[in-house]
Amino acid sequence: MQTVYYDLRDTKGQQKEIEDKISAAAKILRQGGLVALPTETVYGLGANALDENAVRRIFEAKGRPQDNPLIIHVSGQQWLPRYCADIPPLAYVLARKFWPGPLTMILKRRPCVPDQTTAGLDTVAVRCPNHPVTLAIIREAGIPIAAPSANLSGRPSCTTAQDVAEDMDGKIEGLVDGGPCAVGVESTILDLTCDPPRLLRPGGLPVESLEQLIGPITVDKAVTGALGAGEKPKAPGMKYRHYAPKAPVTVFTGAPEASAMEIARRVGPTSGVLCFDEYAPLFPRQEVHTLGPVADKLAQAQRVFDALRTFDASPVTEILAQCPDSRGLGLAVGNRLKKAAGFHVGESDTQRIVLGITGGTGAGKTSALAAIRDLGGVIIDCDAVYHRVLSESEEMQNEINAVFPGVFRLDGTLDRKKLGQEVFAKKDRLARLNAIVYRYMIPELEAQIAAVTEGVCAVDAINLLEGGLDRLCDRTIAVSAPSELRVRRIMARDNITEVYARLRVSAQKPDEFYRSRCDLELSNAAETPEAFQKEARLFFHRLVEDLREEKRHGGAQTGEDERKEAEEDV
Ligand code: TXA
Ligand code: MG
């Protein structure tokens, strides 16, 4: 098949010629053909999302596993009710703010969207891409366009038309060149069928921007680590070890100086290095591709796939890569690098184990933390960090003042009582406040965690899950106990009446909240705190051993699983 190339890099020239190219591409799509399209994130391989046969051809051209659903691309939020059911108002709030743009929303689907497109799920992924040419093509075609990234399965995504031609020439009817992609990593995927919404894939829209608008969201486990054998991510595509270049990749996290030094210690003559611009001079004898400056996350997003692809044309036997911190676009860039590495993270980082400990009052969190301390662990008290950040960060105080005017006194100190009244019993106001505070807390916590270079570090936070702090942890643990026991313990511990103790317990989130959101549960029915502390020591000892073993092997997968997945890659 001859792939027709449509050059639409410049849309300011001959209007008639441009319109003709747009209608030609739209016509191919309407007739069931495949056209590669530019978007602001990565190039997509488009087909009519409502035409089963056209969609089937996408899977064939990419060699994509059939169980991996596609995103449908629309030209505006007015298309949502045509393809989605039970749309929550939040979807429109998000669309108004972030569309067109790198946000994909998972919503309940309507029956008109074929199984072939959604891989049989009862939900559908929808996004409105921010590229004038593709928007014009969708409008002209008048149909939603199903489009996965335009790479062959297993290869890094394509950010230029040349990349697409390399993978797809001769397999598709059309290729629209809209220039290099402005963002460079795929869209952020947010599941709106659960409450709170859940991040399934970090991408071109930073989590911080989402949380600033809608409050805290939860993060799917597949985002931060390799899943265990048999575990299923909510976005089926996240289980594949894709973005993989041919040579094996190892990723080094942590402070840039430290990760660069670690790579410098390990490189051999045939290693390839992927590092920030500043550290390239450290590797005069190696093949080096740079990710951009440490501080420029957008440059890193734009370059990450291209850099990974470029190594495929060279004889390097391994790739050692520096990983940005997880703020802003760094979460998406780091996720793509770690996925390319099959979550093989360099030794320097695997020495540390981070546990998130949460649970209601009286459940036994204090004894559990004491048990971790007994094992030599370091405890990070999030409450203390919260208060410190609140009193020290001027930038954050200004943000809070903008949302809650007047909560700071004239001398600059915070009027806690007034702020308390502002958020008390107002769920959305509290969420706004937390979103601001946690955004500032996370870098501070990251720094404290990074200071623990080996051993166990426990993050103690009652709001571990609402604040997104769970993203920093290898495992989250809910400490729980039957509420009758909790009531009796609080009465004894704080010397209060039964009525008051009951009130305190019922004012908190139920055990079920923690249980369903944490990776593990440590339940406490012991008679005394000492007895529980002993049980907890055993629990954490075993857990730490398992995690060390898992990290040595790059996730809980077996070698066999990984080989199989590498073959099935998307
Ligand atoms: O930026 C992007 O999103 C690009 C451009 C072309 O728009 N597209 C893209 O598509 O990255 P793809 O197919 O490479 O990735 C789509 C991801 C997969 O991980 C898939 O499993 C997930 O979206 N997905 C699709 N439908 C889903 C659904 N109903 N529920 C959960 N995850 C879904
Ligand atoms: Mg893809």
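Here's a quick briefing on a parallel sheet, a surface patch and a few single residues in this structure. Keep in mind that the model is predicted: local features need pLDDT of at least 70, side-chain atom pairs count only at pLDDT 80 or more, and totals for chains, interfaces and linings use all residues. Residues are numbered from 1 along each chain as its sequence is written, and side-chain values use heavy atoms, with hydrogens and water left out.

**The sheet and its helix**

- Four strands line up as β13-β16-β14-β15 in an open sheet with parallel pairing (strands are DSSP E runs of at least two residues and helices are H or I runs of at least four, numbered from the N terminus; two strands pair if DSSP finds at least two bridges between them).
- At the edges sit β13 (249-252) and β15 (287-290), each pairing on one side only.
- On average, neighbouring strands here are turned by 20° against each other, direction ignored (axes are lines fitted to C-alpha atoms, for helices over the stretch in contact, and angles run from 0 to 180 degrees between N-to-C directions).
- Helix α12 (residues 330-340) packs on this sheet and touches β13, β14 and β16 (318-322); contact means heavy atoms within 4.5 Å. The helix direction makes about 145° with that of β13.
- Four parallel bridges link β14 (residues 271-275) to β15, and Cys 275 has Thr 290 in β15 as its bridge partner.

**Glu 318**

- Glu 318 belongs to strand β16 and counts as partly exposed because its relative accessible area is 25% (buried is under 20%, exposed over 50%, partly exposed in between, using a 1.4 Å probe and protein chains only).
- Leaving out residues up to four places away in sequence, Glu 318 touches Ala 247, Pro 248, Arg 266, Thr 270, Ser 271 and Gly 272.
- From Glu 318 to Arg 502 it's 184 residues in sequence and 59 Å in space, C-alpha to C-alpha.

**The patch with Leu 503**

- Val 499, Tyr 500 and Leu 503 make up a nonpolar surface patch, together offering about 320 Å² of accessible area (Shrake-Rupley method with a 1.4 Å probe, where for residues only the protein chains shown count as cover).
- Patch members have over 30% relative accessible area and no salt bridge, with like charges joined within 9 Å and nonpolar side chains (Val, Leu, Ile, Met, Phe, Trp, Tyr) within 5 Å; a salt bridge is a side-chain nitrogen of Lys or Arg within 4 Å of a carboxyl oxygen of Asp or Glu.
- Leu 503 lies in helix α20 (residues 498-506) and is exposed because its relative accessibility is 51%.

**Asp 511**

- Asp 511 is in helix α21 (residues 511-517) and counts as buried because its relative accessibility is 15%.
- Apart from neighbours within four places in sequence, Asp 511 contacts Ser 480, Ala 481 and Arg 486.

Notes:
Chains lettered and ligands numbered in written order.
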